[in-house]
Amino acid sequence: MNPSGVSSPLVQIQPTHRHTVVIVGPPNSGKSTLFNRLTGLRQKVANYPGVTVESRRGQFSVTHGRRVDLVDLPGVYSLEPRSEDEQVTHDVLLGRMQGTPKPDAVLLVLDATNLGRHLLLAAPVLSLGLPTLVVLNMADDLQKRGGQIDTTAIANKLGAPVALVSAARGQGLETIHEFLHGKLAIPTPLELPVLQNVPACRAWAARVSSDLYRAPAPPLWSRRLDGVLLHPLWGPLLFVAVVVAVFQSIFTAAQPVMNGVESLLARSGQWIASSLPASPLRDLLVEGVWGGVGSVVVFLPQILFLFLFIGLLEDSGYLARAALIADRTMARAGLQGKSFIPLLSAYACAVPAIMATRTIENKRDRIATILIAPFMTCSARLPVYTLIIAAFIPEHRLLGPLLGTQAAAMIGLYVLGFAAAILTAKLLKSSILKSDRTPFVLELPPYRWPTFQSIGLRLLDRASVFLRRAGTVILLVAIGLWILAHVPLSGGKAPEIRDSVAGAIGRTVEPVIAPLGFNWKIGIGLITSLAAREVIVGTLGTIYGIESEDDSAGLQRALRKDLTPGGAVALLIFFAFAMQCMSTVAVVRRETGGWKWPAIQFAYMTGLAYLCAWVANRIVTAWV
Amino acid sequence: MQLDGKQRRTLTDLRRGEHAVIVRLEMPEAFARRLMELGFLPGGRVVAGRSAPGGDPRVFEVDGSEIALRHETALQIQVEK
């Protein structure tokens with residue numbers, strides 16, 4: 001490849017030793033796309049024990065069944081360990097990270113459409129002396145916009161092999177396999193990396209790429225699209241339209257799929273009931289497992305629709321624009337720009353969101369973000385909201401076929417959660433967590449077409465997380481609850497559910513929750529849903545499964561018998577505000593290093609939930 | 001001093017589409033470094049772009065990418081035309 005190069009194997013892959021290869025690169029250079037490409041479906045999400053930002057690990061095989069452990073690190077602009085995410089990258093590269101062996105090789109992923117600036121990271125990474133392949137990603141974009149690059153000559157200047165790839169299209173990946181087999185030569189660097197300061201380092205990057213790189217034309221249609229999407233009037237209107245479209249389609253498009261899953265589960269339940277001999281075990285299976293777990297699993301289509309939209313918005317680059325539009329609101333609440341990404345990911349789940357706050361350097365800002373994150377409407381609330389809205393809010397058209405009352409109610413609940421978060425932030429930032437305003441910097445990537453592979457992988461990932469929870473937490477609670485609902489036995493016969501242990505627990509809390517319009521059955525659900533919010537749906541499924549003589553009485557119809565409209569609205573409000581999630585409590589304790597903040601947070605959220613649910617119940621009951 | 005009489009200009013003085021050369025970053029070292037890594041280098045060219053509805057934050061084109069800054073940060077970046 002290069003006459004001056006020394007041809008020595010970079011990584012000698014032996015079957016006995018597992019090799020660790022890390023992916024490093026600036027944010028938005030396509031590291032995760034490459035990671036997904038290389039690992040395919042074998043990826044899994046994992047955290048470093050007790051340390052900072054989430055990073056992902058996966059395996060992939062390089063021919064002959066030999067495998068490599070691939071680690072996807074968070075995006076960094078430099079290796080100066082200043083913020084915690086940079087510390088992780090720094091420590092992993094130097095082999096100082098517990099639980100991760102010192103990497104055998106590095107894939108340095110840079111954006112080929114912005115090589116000059118991205119080469120900044122090459123200097124510190126190459127100086128580490130680890131076998132490194134410089135992966136210039138987004139080759140398709142570079143070519144389309146008329147850029148050019150002489151990879152061989154750049155490799156000679158850098159002293160590291162260079163691959164030009166398109167991770168999104170899967171082009172050029174064979175070079176990565178060749179690299180891992182030690183088939184690529186390491187040239188002797190012609191331009192030694194410069195590290196002293198940013199301007200000097202940038203000048204080095206310019207020397208490396210001058211003559212050998214023609215930068216692509218600016219992404220014109222991205223600019224044109226921004227002309228509309230960041231327009232003072234159309235921008236915010238389109239923002240609202242996008243949100244409305246997402247929720248309306250969750251109701252209209254996902255509903256038929258959900259009905260299909262529901263009838264499939266109902267029929268399989270009946271089949272089990274009829275094919276097994278009558279026994280407590282059969283009842284446990286049909287009422288506890290099928291009734292409990294099944295009633296949660298039917299919400300899978302809704303969850304997937306939500307993540308399909310989030311994925312499309314994220315991959316296209318629109319979310320960065322949404323962050324820009326939302327920044328004024330955030331700033332008014334005293335939040336800094338860096339809080340936006342964690343809060344956005346809290347729409348999926350508060351747990352990764354709270355871990356993502358590790359990128360916020362200011363401790364007070366970080367705690368404020370942690371405290372408000374669980375107010376954002378996470379996907380575990382979706383089954384609860386959908387069930388109650390579908391059961392109690394009659395569907396009317398509001399804006400022709402564009403928006404119905406049910407979708408509007410759902411949007412209202414999302415807005416309510418967001419408003420509670422912002423108001424709480426304002427309260428915290430003007431009292432106990434005051435701090436100076438910290439700067440906001442946001443890189444706007446060009447718009448890109450989302451790829452099927454990337455969206456598909458994400459949906460698969462979400463589906464497996466959802467089903468795993470259904471198969472573990474929800475299943476255990478369902479079985480436990482079924483047993484508690486059948487003891488104490490009197491004369492070998494199970495008691496009425498009202499007189500069982502579960503019923504007694506429900507009736508103990510009933511006086512406390514009666515002012516909200518909830519009876520003892522809802523009380524049992526509130527207690528079990530402390531484990532995770534969607535458990536209440538499974539719990540009600542189990543209770544009604546045991547109660548009902550014929551299994552055809554749907555969960556919605558059963559609920560309508562048990563809740564008044566006031567109670568239903570109160571239940572929605574309660575779930576919007578209450579911190580019904582043990583995983584969140586645990587992660588807040590870990591991230592803040594003690595019980596103080598999770599205790600305050602739990603008390604505040606539950607108190608607020610109780611108060612607002614009580615007010616809602618009174619208002620609705622007085623009006624209806 | 002040569003600077004006398006010459007008005008101090010910052011990124012906030014640029015109209016949309018106007019370009020300028022960055023002179024100095026007047027902010028704490030750590031944050032200046034971050035901005036330099038993103039392309040706001042003294043001597044570098046910057047073009048003012050669109051802003052979010054309401055005028056803040058604003059997008060600037062530097063070193064081949066588009067970066068949005070809040071008004072208060074743009075005030076700390078001195079430029080000359």
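## What's in the chain

Chain A packs in 27 helices and 10 strands. Keep in mind that this is a predicted model, so everything below describes computed geometry rather than an experiment.

## Overall dimensions

Lay chain A along its principal axes and the C-alpha atoms fill a box of roughly 90 × 55 × 50 Å. The radius of gyration comes out at 27 Å, which agrees with the value near 25 Å that a compact globule of 624 residues would have.

As for burial, 46% of the 624 residues of chain A count as buried. Contacts tell you about the fold too: take those between residues at least 6 apart in sequence, and 73% of them join residues at least 24 apart.

## Strand β5 and its neighbours

Now zoom in on strand β5 of chain A, residues 105-111. Is this strand enclosed or open? Of its 7 residues, 6 are buried, so β5 is largely enclosed by the rest of the structure. The cut-off behind that is 20 or more other C-beta atoms within 10 Å of a residue's own.

Two pairings are worth tracing on the model. With strand β1 (residues 19-24) of chain A, β5(A) pairs in the parallel sense over 4 bridges. If you want a spot to look at, V22(A) has V106(A) in β5(A) as its bridge partner.

The other pairing is with strand β6 (residues 132-137) of chain A, again parallel, and it runs over 6 bridges. Here V109(A) stands opposite V135(A) in β6(A).

Methods. Residues are numbered from 1 along each chain as its sequence is written. Chains are lettered from A and ligands numbered from 1 in the order in which they are written. This is a predicted model: local features need pLDDT of at least 70, side-chain atom pairs count only at pLDDT 80 or more; totals for chains, interfaces and linings use all residues. Helices (H or I, at least four residues) and strands (E, at least two) are DSSP runs, numbered from the N terminus. The radius of gyration is taken over C-alpha atoms; the globule rule is 2.2 Å times the number of residues to the power 0.38. A residue is buried if 20 or more other C-beta atoms lie within 10 Å of its own, exposed if 12 or fewer, and partly exposed in between; C-beta atoms are placed from the backbone. Two residues are in contact if their C-beta atoms, placed from the backbone, lie within 7 Å. Two strands pair if DSSP finds at least two bridges between them.
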